[in-house]
Amino acid sequence: MRGLLLAVLMASTLSCGGPGDDDLTVFAASSLTDVLPDLAEAFQEQTGTTITTVFGGSNHLAAQLNDGAAADVFLTADVRLLEQVTTVNRSVSFASNRLVVAVPEGNPAGVSSLADLSRPDLRVVVCDEAVPCGASTSEMGVTIEADSREISVRAVLSRLAMGEADVGVVYATDVTAEPGVEPAWNQLESCPCVTYTAGARTYWALPFLTFLASPPAQEILAGHGFSTRTPG
Amino acid sequence: MRAPRPVLAVAAIAIAYVALPVLGLLQRMPWSSMGDLLARESITRPLLLSLLVSGIAALVVVILGTPLAWTLARVEIPGRRIIRALVLLPMVLPPVVGGTALLFALGRRGLVGQWLDRWFGLTLPFTTAGAVVAAVFVALPFYVIAVEGALESGSDELEQMAGTLGAEPMRVLRRITLPRLLPAMGAGMALAWARALGEFGATITFAGNLPGRTQTLPLATFLALESDTEEALALSLVMLIVSLAVLIPMRDRWLPGRRPER
């Protein structure tokens, strides 16, 4: 019995990866859901390393990492979370994103300004303040009469795409990713903005961090609507 | 009968399996600040809402489920096996899928929901009624399975006899079937209520999350885990106490094959 336990423990330790192990596990904020597969593919072409991705709310992922989940890289929009879980002292900011007021395709409720977020007759859906997109949303400086506070920005997006919500606040890149959702109006200069930072938790994750800041990766990010790093 | 040792040993493992996580939860409880925590509105509101939603859901389940269980057990309807499987489906279906299915059916653009919206201005998502709908969806099978099981295992001799003596079917149901069914109904209701109280996935998918309107205890706990661990633990304690307070008396009185303990 004890021998069996030991074997299981050893196997699970070994599968956590080591130098020469051609696989990286990346925990990523859910707003990176669409872009990360493209980045992973390019990285694999370049280096031969395959990437396993796990998406979720940043806080939730951080809690899992603190509870011992094995991941080599953590990509999050909340630097404070990164500090809690980074075991290797190396991180890099690789892209930024901004919040936009979004509506279902065709804007059926005729949303035209920030003030519409406080209209009680509209069905307004935003992120809960417990998750990063919600914390940023509350920094928009407008009273929001929410009908629902969702647990992730993707949940807000899905409410809009399904037409259950009249208006919501999501990231600019989410609007790019979902054809059933559009910005309520032209919001090129909108903020608050968030910066995505990658934190390495193992040494063999460092090449991926370097890759994220490289021109090919930055090009992919820009293609998905992210604001990329200013060169230099 | 003397209990065989191996059986006792495995039973002990099973008890530990359930008890250990509860112990783990209890030893992390912030007992010193518990008083303040429990008085917070962020805990009392979801508690009251959860009691309301699960209570109404349990009633709806009894009202809908009793005729359904009786029909499944006593009436030769075509496709009974398929109907039974369909009724039990929410037990197996991931609740998030159930919630999405409810959206497609009762949401603002849903199969039936679009007409509810257009004709009556009635929309269920993002309302307390929506949270009840989600809870009933997942809890109904637990009640039906308990009551139908009791109907099928009990003999219908008395009912037959009453029928031969000229009693109307409705009267037979009221005077003979229902009174004998009460223990099973109680047990089924307890199970359904417990399922409704713990419901998370279908609720957050279908009804959304808003404090005081749709944010039940499980939703509040999940969100507190993201931001305030102490509060999450206090919420878990509340769920634990409420669940045990209802399940312990019910277990003794109503669960099948059990006499009340003296």
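## Domains of chain B

Chain B is divided into domain 1, covering residues 1-37, and domain 2, covering residues 40-254, in what is a predicted model. The C-alpha centres of these two domains of chain B lie 27 Å apart. Their contact draws 7 residues from domain 1 of chain B and 8 residues from domain 2 of chain B, and the side that domain 1 of chain B presents to domain 2 of chain B is made up, by class, of 5 nonpolar residues, 1 polar residue and 1 charged residue.

## Helix 3 of chain B

Helix 3 of chain B runs over residues 41-74. Its 34 residues, at 1.5 Å a residue, should span 50 Å, and because the C-alpha atoms at its ends are 48 Å apart, the expected and modelled spans agree. Along this helix of chain B there is nevertheless a kink of about 35°, placed at Gly65(B), shortly before the proline Pro67(B).

## Fold and domains of chain A

Chain A contains 9 helices and 10 strands, and of its 232 residues 43% are buried. Among the contacts in chain A with a separation of 6 or more, 72% join residues that are 24 or more positions apart.

The domain assignment of chain A gives a domain 1 built from two segments, 2-96 and 195-228, together with a domain 2 that spans 97-183. The contact between them takes 16 residues from domain 1 of chain A and 14 residues from domain 2 of chain A. On the side of domain 1 of chain A that touches domain 2 of chain A, helix 3 and strand 4 (91-104) of chain A each supply at least two residues, and the residues of that side divide into 4 nonpolar, 10 polar and 2 charged.

## Contact between the chains

Where chain A and chain B meet, 17 residues of chain A are in contact with 16 residues of chain B. On the side of chain A that touches chain B, the elements giving two or more residues are helix 3 (58-66) and strand 6 (148-150) of chain A. By class, the residues on this side of chain A divide into 6 nonpolar, 5 polar and 6 charged.

Helix 3 of chain A thus appears in two settings, supplying at least two residues to the side of domain 1 of chain A that touches domain 2 of chain A and giving two or more residues to the side of chain A that touches chain B.

Terms used
Residues numbered from 1 in each chain as written. Chains lettered and ligands numbered in written order. Predicted model: local features only at pLDDT ≥ 70, side-chain atom pairs only at ≥ 80, totals over all residues. Helix = DSSP H or I, 4+ residues; strand = E, 2+ residues; numbered from the N terminus. Buried ≥ 20, exposed ≤ 12 C-beta atoms within 10 Å, placed from the backbone. Contact = placed C-beta atoms within 7 Å. Nonpolar A, V, L, I, M, F, W, Y, C, P; charged D, E, K, R; others polar. Domains from an automatic or database assignment. Expected span 1.5 Å × (residues − 1). Bend = angle between axes of the 7 residues up to and from the residue.
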